Amino acid sequence: MFSNFYIQQRIKKMQLMRELNLNPYTNTLTRTLDNKSFLEKYQHLKTLSESTANTTPADNEKPQSQNESQSESIVGRVRFIRLMGKACFIKIQDQSAILQAYVSKDDIGDDFSQIKKILEVGDIINVQGYAFVTKTGELSIHARSFKILSKSIVPLPEKFHGLSDVELRYRQRYVDLIVNEEVKELFRMRSQIISCVRHFFEKKGFLEVETPMLHPIPGGANARPFITHHNALNVDRYLRIAPELYLKRLIVGGFEAIFELNRNFRNEGMDHSHNPEFSMIEFYWAYKTYQDLIELTKELFAYIFESLHIPHILSYDEHSIDFMQWSIISYKEALIQIGGLDESLLDDPKALLAYLQKHHLKVDDSMSHGKLLGEAFDEYVEHKLINPTFVTQYPIDISPLARRNDVDSNIADRFELFIGGKEIANGFSELNDPLDQFERFKEQVRAKDAGDEEAQYMDEDYVWALAHGMPPTAGEGIGIDRLIMLLCNAKTIKDVIFFPALKPTQTNFDIIPPKDTQRDAQTHKEGK
């Protein structure tokens, strides 16, 4: 695994450290400030240096300003080394910023030999010293002591081009994070968005809860589950495809406003907007309707935009999305007005089937009317919904957990939110009639027996829970990964998940691009 020539050279340097009685992976260190805090604390030295420079003769060099009385200790990864005889400059990066260190033989004595003989780009080090401003005007730390904390034996990718192979970036995210600062920023933004979502619901009086990840019966959505086996109980279990049915059990139990932020798992295909393991928030609100959730969702977006200072017009892919332009349209109206389908076609299942087959959609006569309408919607409408759009009044037979509309029993009191041509949220007034729910589960079982692998299972315990009485309730799920894609203008879901699912491949970890390691060596030799 470590047979590569350049890796072997670094391993020899690690072994040399041991021969010199230096631990290449020590844990004895102090740290007084992170790099960003250091730069902020001593910014006044740079200001002083600049003001002094304006009053001295012009000699093309700025005078130094320093604070020797205050000792600081910083740590981080070496990103650049510039050797100059008995002194050197080192760029040190921690998670907050890059800081320059000046190290000279006059200050650290024999320890300076470590830099010439052992130190490499990628090593993690500890420098103790004082703040000063160089003659070129850069606020730095003047080293009084120096220590290698962790020896890197694999060279980093070449500095000026970073890690550009997209596939390799996903497989080796740890390297991606080291060399591509914008990737770190995206994941910091992800964390901030999730924090905003959590705070919003907490401020609204919702209680955060946790429900099982291993289910005896997969439910809460139409999807194919992952299956595993519980040895102690000697039973099969399913990774959850949605927390919905457990959350609604809690509503039956008396909680009136709850949410869960967690992972779901669906054993399905992967593309730019689907990963088999993904994050969602689901929330349930007793004594409310789906119309209340529409307004709550608007409030949530407004809160995120205000809290994170996000502009209301965002670029996403080739689109410009205006978050001040929210609209609501019924499912049928969307098919007619946006999809361009004739209204008479939508009311005739046989004619609709023939139309879709003529246009080469994968449909057959075993599909229900609602399923056919769903295929038409996916093909002719969804990708056209750019500005935030709530599509309401879904067909009841593709809404097995939603409440029937009081006026038209063929539609559900349900909506989905589309932004940038993608589904972002799904919500509805919940079905709380246990007998109706039992019949709908039976329909799902019949569909599964007929070959629909995504149809839901019968969950008699859930029906029994509803039979105890669930108050009128509205519930919604929002895909966190897709939300972050949208707000960060990420082209694929893989960009917003630290470790996305990837097809297995045979990787030769000894392959290091020669130009990368050659540049490392050249940096040492020439001081570039």
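**Entry 1: Glu423 and its surroundings.** I looked up the contacts of Glu423 in this predicted model. Leaving aside residues up to four places away in sequence, I found that Glu423 touches Glu382, Glu416, Leu417, Phe418 and Arg482. I located Glu423 in strand β17, which runs over residues 422-429. I then asked whether Glu423 is buried or exposed. Its relative accessibility is 26%, so I entered Glu423 as partly exposed; the cut-offs are under 20% for buried and over 50% for exposed. In the UniProt record, an unreviewed entry, Glu423 carries the feature "binding site".

**Entry 2: The annotated domain.** I consulted the same record for domain limits. The unreviewed UniProt entry assigns residues 187-504 to "domain: Aminoacyl-transfer RNA synthetases class-II family profile". For residues 187-504 I noted 35% helix and 22% strand. The C-alpha atoms at the two ends of this stretch lie 24 Å apart.

**Entry 3: Lys147.** I turned next to Lys147, which I found in strand β5, residues 139-150. Its relative accessible area is 33%, and I therefore recorded Lys147 as partly exposed. With residues up to four places away in sequence left out, Lys147 touches Thr26, Thr28, Ile125 and Asn126. I also asked how far Lys147 is from Leu417 in space. The C-alpha atoms of Lys147 and Leu417 are 55 Å apart, and the two residues are separated by 270 residues in sequence. Leu417 had already appeared in my notes as one of the residues that Glu423 touches.

**Entry 4: The chain as a whole.** I counted 18 helices and 18 strands in the protein chain. The radius of gyration is 30 Å, whereas the globule rule gives 24 Å for 528 residues; the former is well over the latter, so I describe the chain as more spread out than a compact globule. Along the principal axes, I read the span of the C-alpha trace as about 85 × 55 × 50 Å.

**Entry 5: Burial, contacts and surface.** I noted that 49% of the 528 residues are buried. Of the contacts between residues at least 6 apart in sequence, 68% join residues at least 24 apart. For the accessible surface of the chain I entered about 26300 Å², with 51% belonging to carbon and sulfur atoms.

**Entry 6: Charge.** My last query was how many positive and negative side chains the protein chain has. I recorded 62 positive and 77 negative side chains, the centres of the two sets lying 9 Å apart.

Methods: Residues are numbered from 1 along each chain as its sequence is written. This is a predicted model: local features need pLDDT of at least 70, side-chain atom pairs count only at pLDDT 80 or more; totals for chains, interfaces and linings use all residues. Side-chain values use heavy atoms; hydrogens and water are left out. Helices (H or I, at least four residues) and strands (E, at least two) are DSSP runs, numbered from the N terminus. The radius of gyration is taken over C-alpha atoms; the globule rule is 2.2 Å times the number of residues to the power 0.38. Buried means under 20% relative accessible area, exposed over 50%, partly exposed in between (1.4 Å probe, protein chains only). Contact means heavy atoms within 4.5 Å. Accessible areas come from the Shrake-Rupley method with a 1.4 Å probe; for residues, only the protein chains shown count as cover. Lys and Arg count as positive and Asp and Glu as negative; His and the chain ends are not counted. The place of a charge is taken as NZ of Lys, CZ of Arg, CG of Asp or CD of Glu. UniProt positions are given in the numbering used here, feature names are shortened, and annotations may be inferred rather than shown by experiment.
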